[in-house]
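Subject: Handing over a structure

Dear colleague,

I am passing on a structure that you have not worked with before, and I would be glad if you could look through it at your own pace. The sequence and the structure come next, and my notes are underneath.

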Amino acid sequence: MAGLTLLRVVDNKTLEREERERIDRELQARQNDPFILGMTAYLRECWDAARVAKKPIENIMLRAMRQRNGEYEADKLTQIRQQGGSEIFMMITEVKCRAAESWLRDILLDQGTPPWDLNPTTIPDLPPDADREIEQMFGQRVLQMLQTKGQAPTIEEMSELREMVAQDYRFSVLQEAQNRADKMKYRIEDQFEQGGWSDAFNEFITDVVTFPAAFVKGPIVRRQRTLGYTTAPDGSTVVDTIERLGPEYERVDPFRIYPEPGITHINDGYIFEHHRMSRMELADLIGVPGYDDEAIRKVLEIGNGQSWINEDVELQKEEEERKFYAYNSPTEMFDALEFWGKVSGEMLRDWGLSDEEVPDAAREYDANVWVVGNYVIKAVLNYDPLGEKPYAKTSFIKQPGAFWGKGIPEIIEDIQSVCNAAARALVNNMAISSGPQVEVNLERIPPGEDITQLHPWKIWQTMNDPLGSSAPAVRFAQPDSRANELMGVYDRFSRMADDHSGIPAYVYGDLNVQGAGRTASGLSMLMGSAGKGIRQVVMHIDKDVIHPVVHRQFVYNMRYDPDQTIKGDVQVVAKGAINLAVKETVNVRRVEFLNATANPIDIEIIGTEGRAAILREVAKGLQMDVDEVVPSREKMAYRNDAKAAMAAQQATQQPQQAAPTPTTPSGMPMGGMEANTVMNRNTGGAG
């Protein structure tokens, strides 16, 4: 019939299959986009170059792990077993590394205050309307002078008053800048605590003394799960799980970092980070801005697909970390590569980006790309305002012009080998010289006599020598002991390990110190000299890790934090070993300054605000709760305003009493001259 149409009826399974096929077609179209195909080919080329260049460093890191674990290299162990004897391994490297870790943690983590600070710039930027506010303050001061003097100030007084007003305004700006810097510092400390900075930095210290380089990543904005507390209608507290986006920090395994060949610093070229992700970790990226949800779902559906890493190195690393038989884990793991680097604008245009996205083909653009298997799950430009990567790295000993430095195991590798050889020879010599060597003439021993056992008061049965010799059937020879010589060699080279590593034995409690170390003052001098080496390491950490990480968190807060009271013109100061080493001395000097200024004249000069500032710094040095001991600047200002208002109110309520007029002995009022004379005599003045 005319006007009738057919209605297609399908079941739910068919609809789901068709929807799935449509999504797959769109996904394949995105993955086959010229931009994605060009990016994938470029990443494979960069990855191959970085992976090949990393192989020598991987061997060094594996040797460092075995050296700390007290294990010989496979070829060395084979040679030792062919010769026979002891396989002892002296753990000098492990002792030095643990001592260095403890020393660094004591300097950087166990001081009660963070090894960094935020200070306002020396000359903070004045507000745009600063001139207008200064003129208003100047006008108010002029009116006050008119009211008190009853006449207009002179030109000289006007000039002095204007300069005084300008200085007061600049001081108030400095005070405001300091308040903002303090608030920003507290905010960053809270973000560090919630973002895992302490754990990441603690693991970083272990890496920096062990491997050629150590890495920290952050801030990285991630979805965080935490507990939230609400109040139910009945007044009870309800605990809920909430999710929020927040900055986090993590230690990056040096085995997972692959820099561009030939670069010196992280921001010089591209860098790869390899991630081993479980299904849950990969699924958590679904819904995060910047990631391709359908590509992630496809990877989860088809499995890992392609491994990007060297399986042999991974297996050796897991064994040294005591993750035995990790390959038998039933949890499915995915290999993901995270790329950070520059891509030319011309290449981006060839891959399909528009002129608006890439305005200048001659420029280099920072990109961040994630690849899992054969799928690109994220491809965005790096919108960091300075174009920096979210990584920081340093080394125990830095090599000028090189990306990788040296750790303690590599520095004392030869010394460790010599000490091991001396210890093996010592043990073997002690075993050989522990008893006699026995020579037995078998022709004079009766059949069935046991010659393999030797014990006190043993009776040897012998027969006549067929040749008629009178030589004894059993002869004993005592091998010489070379224990003293071998111990001398071991002691000499173990002391060389102190010099080469910069971690002397007396730092970690060795009481056998000779020379100047036998007295308290001498040991203090030795500790000060030894601290110069570790201070150099801390300076590397200050400059290469703490300063850039804190600065990136500061920039993040300046850009995204809605609290305007924490934002200001500040600079990051990494204090490190230099300031922390003199922390106790500085606090003693502050206490002395407090005692020296505890007099009315100095109090009138510095005022209660200045003394409160000194008390605040002393309380910080004593690791006290400053807010509980000394009121803040805001509370001090509020307290002073309240006192001034109360004094003004009392002055208005109580009328001022007139001074009594001097009188003569007869009770008559004195004249002006007589009154002045009596007043001067009463006060001790001249008549």
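Below is what was found, taking the nonpolar cores, the sheet and the salt bridges in turn.

Please keep in mind throughout that this is a predicted model.

To begin with the interior, the largest nonpolar core has 47 residues, and the residues with the most contacts inside it are L104, F201, F204 and I541. Helix 15 (residues 520-560) provides the largest share of this core, with 9 residues. If you take F201 as a starting point and set aside its neighbours within four places in sequence, you will find F201 in contact with L108, L109, I541, V545 and I546. Another core, of 20 residues, lies apart from that one, and includes Y42, Y258, V358 and V371. As general background, nonpolar side chains tend to be buried together in soluble globular proteins.

Turning to the sheet, 5 strands form an open sheet in the order 4-5-6-7-8, with antiparallel pairing. Strand 4 (257-259) and strand 8 (375-381) are the edge strands, each pairing on one side only, and the twist from one strand to the next averages 20°. Within the sheet, strand 5 (residues 271-278) and strand 6 (residues 333-344) run antiparallel and are joined by 8 bridges, and F272 stands opposite F339 in strand 6. Helix 9 (residues 293-302) lies across strand 6, strand 7 (364-372) and strand 8, and runs at about 155° to strand 8.

As for charged pairs, 31 salt bridges are found in the whole structure. One of them is between the side chains of D563 and R187, at 3.3 Å from N to O; because D563 lies in the loop between helix 15 and strand 12 (570-574) while R187 lies in helix 6 (residues 155-195), this pair ties together parts that are 376 residues apart in sequence. D563 counts as partly exposed, at 25% relative accessibility, and R187 likewise counts as partly exposed at 25%.

E314 and R256 also form a salt bridge, in which the closest N and O atoms are 2.9 Å apart, and this pair links helix 10 (residues 311-320), where E314 sits, to the loop between strand 3 (237-252) and strand 4, where R256 sits, 58 residues apart. E314 counts as buried at 8% relative accessibility, and R256 is buried with a relative accessible area of 14%.

Finally, a network of salt bridges links D207, R251, D253, K317, E321 and K323.

With kind regards

How values were computed
Residues numbered from 1 in each chain as written. Predicted model: local features only at pLDDT ≥ 70, side-chain atom pairs only at ≥ 80, totals over all residues. Heavy atoms only, no water. Core = buried A, V, L, I, M, F, W, Y, C linked by side-chain atoms within 4.5 Å. Buried < 20%, exposed > 50% of the residue type's maximum accessible area, 1.4 Å probe, protein only. Helix = DSSP H or I, 4+ residues; strand = E, 2+ residues; numbered from the N terminus. Contact = heavy atoms within 4.5 Å. Pairing = 2+ DSSP bridges. Axes fitted to C-alpha atoms, helices over the stretch in contact; angles between N-to-C directions. Salt bridge = Lys/Arg side-chain N within 4 Å of Asp/Glu carboxyl O.
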